[in-house]
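Work through the exercises below with the model open. Each task is followed by a solution in steps.

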Amino acid sequence: MSTSPSRPRLAALDGLRLVAALAVLAFHYVGIELPYWGVPSYVEFPGLNEVARYGYLGVNVFFAISGFVILMTAYDRSIESFAASRVARLFPAYWAVVLLTAVLQQFWTGGRNPTLSDVLVNLTMTQEAYDVVNVQGAFWTLWIELKFYLLIGVFILVGMTRRRVLAFCVLWPLLGQVAAATDSGFLRSLLIPTYAPYFAAGMLLFLVFRERHDVTTWLALLLNWVLCLRQTMAYAERATDLVGAPVSPVVAALVVSGGLLAILACSRGAVSRISWGWLTFAGSLTYPLYLVHGQLGFFLIDTLQTRTGSYAVLAIATSASLLLAYLVHLVAEKPVAPRLRRQVLASLETRASEP
């Protein structure tokens, strides 16, 4: 199946990405039992914590958005072009944040304190494979994203058709669960059964966006929605341990369902036609904000929480994270990413043309 030559910019989806990033930030700052406040977050921020304790689900929504966006990006694209676009998208901001974090840890001992070797391995983005500490806690999701990109890369080589995408989105989560149930370590790692339904749901939402109504696509989406709910509700007990206060499986399921519905709304109807420039700008801040907010925010909270009010410290940490995210986008992403993409693409295409 073919796609239109120009892919539409879904500005509302950019805005949803920022909402998901801010939800993760809120979870890390006032949702979990963060030691830097001196008391549990649910004591320091009783009202905010009631909402922020569900912020971890922003990651789940991120994975669904990634399924949508990456499938849209991968259609009618060569493997060389896809690989170059992913390298340019992921690494400039990531390298900047890894180095900034390494500098921060030289004079703040309250963080993860990675060694030089840890930092160097982190620069490759493969630290999870080597059981090396992530210099920022949120980096664990990047290894999952990389494995998803690998699967999509193989899909590009095989050739994408509507039938193959539908089959993949049904079989992938199920085979991943079989790998988990049979304790097949390699396949379990590769197929990421815990989060496969979110990626698959996002891919199917792209098909709904691209092809409108199709009963097979809706049925496959319904299957993956059920699998998402199963994972979400099962994880609520673990989330309760992290928060130190009850996390309702029902509320978590409603949040995830709302996230999937929001992706659908952002890609169809009146919402999909919104073209406000500030939403696109918000989308450009999402990735660097997700990368940078952890250790920077914790440093500010740890440093300032005994000197001023907690809500003021929270506002400072959040504002500083947004500002640094903008600077990373301005200094690292904007000038480096296009150049890196061109150079990687030229290199890969040259290699591909060699006998």
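**Exercise 1. Find the salt-bridge partner of D214, then place both residues in the chain.**

Step 1. A salt bridge requires a side-chain nitrogen of Lys or Arg within 4 Å of a carboxyl oxygen of Asp or Glu. D214 meets this with R162, the closest N and O atoms being 2.5 Å apart.

Step 2. D214 is in the loop between α10 (196-211) and α11 (215-243), while R162 is in helix α8 (residues 162-181). The two are 52 residues apart, and the pair links distant parts of the chain. Helices are DSSP runs (H or I, at least four residues), numbered from the N terminus.

Step 3. Buried means under 20% relative accessible area, exposed over 50%, and partly exposed in between (1.4 Å probe, protein chains only). R162 has 23% relative accessibility, so R162 counts as partly exposed.

Step 4. The model is predicted: local features need pLDDT of at least 70 and side-chain atom pairs count only at pLDDT 80 or more, whereas totals for chains, interfaces and linings use all residues. Residues are numbered from 1 along each chain as its sequence is written, and side-chain values use heavy atoms, with hydrogens and water left out.

**Exercise 2. How many salt bridges does the structure hold, and what separates R89 from E333 along the chain?**

Step 1. The count is four salt bridges.

Step 2. R89 and E333 meet through their side chains at 3.0 Å, N to O. R89 belongs to helix α5 and E333 to helix α15, 244 residues apart, which again links distant parts of the chain.

Step 3. R89 is partly exposed, with a relative accessible area of 26%; E333 counts as buried because its relative accessibility is 7%.

Step 4. Another of the bridges joins R53 to E50, with the closest N and O atoms 3.7 Å apart. R53 is buried at 7% relative accessible area, and E50 is partly exposed at 47%.

**Exercise 3. Classify the ring pair F91 and W95.**

Step 1. Rings of Phe, Tyr and Trp (its six-membered ring) pair if their centres lie within 6.5 Å; planes under 30 degrees apart count as stacked, over 60 as edge-to-face and the rest as tilted. By this rule there are 30 aromatic pairs.

Step 2. For F91 and W95 the centres are 5.2 Å apart and the planes make 40°, so the pair is tilted.

Step 3. Both residues lie in helix α5 (residues 79-104), four residues apart, about one turn of the helix. F91 is buried at 14% relative accessibility, and W95 is partly exposed at 33%.

Step 4. Compare W276 and W278, a stacked pair with 6.2 Å centre to centre and 15° between the planes. W278 counts as exposed, at 55% relative accessibility.

**Exercise 4. Which rings have the charged end of R86 or of R210 over them?**

Step 1. A charge sits over a ring if NZ of Lys or CZ of Arg is within 6 Å of the ring centre and within 35 degrees of the ring normal.

Step 2. The charged end of R86 sits over the ring of Y149, 5.4 Å from its centre. For R210 the ring is that of Y75, at 5.3 Å.

Step 3. Y149 is also part of a cluster linked by ring pairs, whose members include F63, F82, W140 and F148.
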